[in-house]
Amino acid sequence: MSAPAAAGRKLPFHSWDVEKCLRHFATDREDGLTKADAAGRLEKHGPNELLGQSGVSKWKVFAAQLANSMTIVLLLAFIISMAVRDWVEAGVVMIVIITNTFIGYLQEYRAEKTMASLRSLTSPTALVVREGAQHHIPALQVVSGDIIQFKDGDVIPADLRLLEVFNLEIDEALLTGESAPVAKRYVSDHSTPVLLRAVDRAFAGAE
């Protein structure tokens, strides 16, 4: 069952049991959404896609680091040190600025590259159940509450809560860095720490 992030707020879907999730999204485990309901949700919430540009601009990432509030404060400290001719302090502050900017740039650039990779790996289609029948639709048209069917090797079209699992392993290396596929299973007891490993969830872009 797909569960895109709610705009402007965070809901603890991970801690809810399946029946509560189904009620919240007003969907049916077997029949899924109606076509009319799905169309209304698509119009209300928009397409199922990651926001942002597809490319990564190194200059924009670098400029964002310079516009960081901490960097601005350090630059002001550097200017003051230069004005009073405290060369040692000015040198130390400049070293801190360069180090912080470089580290921040690397982290932000890698994060942007990961997001760009996720956007490019998103599945073009999804197999959903609506009104009790299977339908192949563009992944962009997946909405919250959709019942989605997939198998090993399929690219996950959206963040999902798993309702039924049969010998499923998902490659989440792009998301977590883990080299080995992650075994997934249905979880009925949501008071256990196993949820911290997200074994009953699948994430967009994984396969």
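Buried means under 20% relative accessible area, exposed means over 50%, and partly exposed is in between (1.4 Å probe, protein chains only). Keep that handy for the exercises below.

This is a predicted model, where local features need pLDDT of at least 70, side-chain atom pairs count only at pLDDT 80 or more, and totals for chains, interfaces and linings use all residues. Residues are numbered from 1 along each chain as its sequence is written, and side-chain values use heavy atoms, with hydrogens and water left out.

**Exercise 1. Find W59, classify it, and name the patch it helps make.**

Step 1: W59 sits in helix α3. Helices here are DSSP runs (H or I, at least four residues), strands are E runs of at least two, and both are numbered from the N terminus.

Step 2: W59 has 71% relative accessibility, so it counts as exposed.

Step 3: Together with F62 and L66, W59 makes a nonpolar surface patch of about 350 Å². Patch residues have over 30% relative accessible area and no salt bridge; like charges are joined within 9 Å, and nonpolar side chains (Val, Leu, Ile, Met, Phe, Trp, Tyr) within 5 Å. The areas come from the Shrake-Rupley method with a 1.4 Å probe, and for residues only the protein chains shown count as cover.

**Exercise 2. Describe the surroundings of R41.**

Step 1: Look in helix α2, residues 35-45, and you'll find R41.

Step 2: R41 counts as buried because its relative accessibility is 12%.

Step 3: Now list contacts (heavy atoms within 4.5 Å). Leaving out residues up to four places away in sequence, R41 touches F25, A26, L33, G46, V143, S144 and G145.

Step 4: Zoom in on F25: its backbone oxygen is reached by the R41 side chain at 2.6 Å.

**Exercise 3. Work through the salt bridges of R29 and D200.**

Step 1: Start with the rule: a salt bridge is a side-chain nitrogen of Lys or Arg within 4 Å of a carboxyl oxygen of Asp or Glu. Side chains of opposite charge can pair when their charged atoms come close. The structure holds 7 salt bridges.

Step 2: One of them joins the side chains of R29 and E19, at 3.1 Å from N to O. R29 lies in the loop between α1 (18-24) and α2 and E19 lies in helix α1, so the pair ties together parts 10 residues apart in sequence. R29 is partly exposed at 25%, and E19 is partly exposed at 41%.

Step 3: Next, D200 pairs with R161, with the closest N and O atoms 3.1 Å apart. This pair links distant parts of the chain, 39 residues apart: D200 is in the loop between β6 (182-184) and β7 (201-202), and R161 is in strand β4 (residues 160-161). D200 is buried, at 0% relative accessibility, and R161 is buried too, at 5%.

Step 4: D200 also forms a salt bridge with R201, where the closest N and O atoms are 3.5 Å apart. Put together, R161, D200 and R201 are linked in a network of salt bridges.

**Exercise 4. Say which residues UniProt marks as "transmembrane region", and check their helix content.**

Step 1: The unreviewed UniProt entry places this feature at residues 61-81 and 87-106. UniProt positions are given in the numbering used here, feature names are shortened, and annotations may be inferred rather than shown by experiment.

Step 2: Residues 61-81 are 90% helix and 0% strand, with end C-alpha atoms 28 Å apart.

Step 3: Residues 87-106 are 100% helix and 0% strand, and their end C-alpha atoms lie 28 Å apart.

Technical notes. A polar contact is a pair of N or O atoms within 3.5 Å; within protein, one must be able to donate a hydrogen and the other to accept it, and residues adjacent in sequence count only if both atoms are side-chain atoms.
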